[in-house]
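Biologist: Good morning. I am new to this structure and would like to go through it with you.
Modeller: Certainly; here it is.
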Amino acid sequence: IRLGLCDVVLAGGSDMLCRVVYNGFISLKITDESPCRPFDRDRRGLNLGEGAGILVLESRIFSENRNQAPRAYLRGHGNTCDAYHPSAPHPLAKGLARAFDSALAQAGIQDHELAFINAHGTGTPENDAAEGYLFSTRFKGVPFCSTKGYTGHTLGAAGGIEAAITVACLNAGKIPANAGLITPDPAWEAVPVSQTTEVYGRYALSDSAAFGGNNGAIVFEKGER
């Protein structure tokens with residue numbers, strides 16, 4: 001779109017459950033038979049889910065010609081790979097932090113300007129520890145939550161679904177409780193919201209982390225509706 005090659009692009013992902021993937025995650029011992037508990041002290045693993053999330057991205061001129069105010073603006077993105085471990089993130093979230101740096105730099109904003117963060121928050125010990133460390137050391141005071149307690153981890157669909165949720169929450173001016181949180185982990189100062197919480201500001205960030213040390217972050221600005 002920025003290069004003028006396209007006026008409109010569909011961006012997102014979809015995924016569905018299958019026995020191979022389901023049993024593969026069980027073999028890694030990172031699933032929880034009970035509802036997952038992102039960022040909880042006693043978290044044991046993730047729940048798998050399925051679904052799809054698709055966003056329509058369009059140029060400003062195309063949007064104006066349709067006389068349709070955008071729900072949000074995609075202001076920045078970041079993609080990194082920390083190459084720390086085949087299935088675990090760097091414990092100090094070094095790769096994820098660089099993805100945040102890139103997304104925020106493109107958006108032209110500072111950390112404190114974020115209204116909230118839609119965290120990856122799988123409910124696994126390693127993932128939540130890395131994010132918890134990053135949020136505690138760098139994003140103190142910025143509200144955050146994981147929505148995987150509602151959707152499960154939808155794998156290839158997670159980024160698209162959570163991007164759509166981020167836009168919806170940004171426009172609603174509130175984020176949902178971090179489902180499954182009972183006992184906050186004392187290892188971090190930052191604690192996800194435990195109830196529906198009003199948020200203020202024009203910007204929000206959604207992040208994703210994947211096997212192979214891959215990290216992604218996108219920054220949205222509230223639309224004109």
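Biologist: Which residues touch the most other members in the largest nonpolar core?
Modeller: This is a predicted model. In its largest nonpolar core, which has 25 residues, F100, L114, I117, F135 and F139 touch the most other members.
Biologist: Which elements give two or more residues to this core?
Modeller: They are helix 3 (94-107), strand 4 (114-119), helix 4 (125-138), strand 8 (203-210) and strand 9 (214-222). Helix 3 gives the most, with seven residues.
Biologist: What does F135 touch, leaving out residues up to four places away in sequence?
Modeller: F135 touches F39, F100, I117, A119, K140, F144, A190 and D207. Nonpolar side chains in soluble globular proteins tend to be buried together.
Biologist: Which residues are among those of the other core?
Modeller: Apart from the largest core lies another of 13 residues, including A163, L170, I175 and A204.
Biologist: Let us step back. How many helices and strands does the chain have?
Modeller: The chain has six helices and nine strands. Its radius of gyration is 17 Å, close to the 17 Å that the globule rule gives for 225 residues, so the chain is as compact as a globular protein of that length. Along the principal axes, the C-alpha atoms fill a box of roughly 50 × 40 × 30 Å.
Biologist: What percentage of the residues is buried?
Modeller: Buried residues account for 46% of the 225. The chain exposes about 11600 Å², and carbon and sulfur atoms supply 54% of that area.
Biologist: And which contacts join residues at least 24 apart?
Modeller: Taking contacts between residues at least 6 apart in sequence, 78% join residues at least 24 apart.
Biologist: How many positive and negative side chains are there?
Modeller: There are 20 positive and 23 negative side chains, and the centres of the two sets lie 1 Å apart.
Biologist: Back to F39, which you listed with F135. Where is F39 found?
Modeller: F39 is in the loop between helix 1 (19-27) and strand 2 (51-58). Most residues other than glycine have a negative phi. F39 is not a glycine, yet its phi is positive, at about 65 degrees.
Biologist: Is F39 buried or exposed, and why?
Modeller: F39 counts as buried because its relative accessibility is 1%, and buried means under 20%.
Biologist: What is the phi of L155?
Modeller: L155 also is not a glycine, and its phi is positive, at about 55 degrees. L155 sits in the loop between helix 5 (148-151) and helix 6 (158-172). With a relative accessible area of 23%, L155 is partly exposed.
Biologist: K140 came up earlier too. Is K140 buried or exposed?
Modeller: K140 counts as exposed, at 52% relative accessibility, since the cut-off for exposed is over 50%. K140 is in the loop between helix 4 and strand 5 (144-146). Setting aside neighbours within four places in sequence, K140 is in contact with F135 and E189.
Biologist: How far is K140 from S206?
Modeller: Their C-alpha atoms are separated by 16 Å, and K140 and S206 are 66 residues apart along the chain.
Biologist: One last residue: where does Q106 lie?
Modeller: Q106 lies in helix 3 and counts as partly exposed, at 37% relative accessibility. Apart from neighbours within four places in sequence, Q106 is in contact with R2, R75, G76 and H77. Q106 and G45 are 61 residues apart in sequence and, C-alpha to C-alpha, 33 Å apart in space.

Technical notes:
Residues numbered from 1 in each chain as written. Predicted model: local features only at pLDDT ≥ 70, side-chain atom pairs only at ≥ 80, totals over all residues. Heavy atoms only, no water. Helix = DSSP H or I, 4+ residues; strand = E, 2+ residues; numbered from the N terminus. Rg over C-alpha atoms; globule rule 2.2 N^0.38 Å. Buried < 20%, exposed > 50% of the residue type's maximum accessible area, 1.4 Å probe, protein only. Contact = heavy atoms within 4.5 Å. Areas by Shrake-Rupley, 256 points an atom, 1.4 Å probe, with all protein chains shown as cover. Lys, Arg positive; Asp, Glu negative; His and termini not counted. Charge placed at Lys NZ, Arg CZ, Asp CG, Glu CD. Core = buried A, V, L, I, M, F, W, Y, C linked by side-chain atoms within 4.5 Å.
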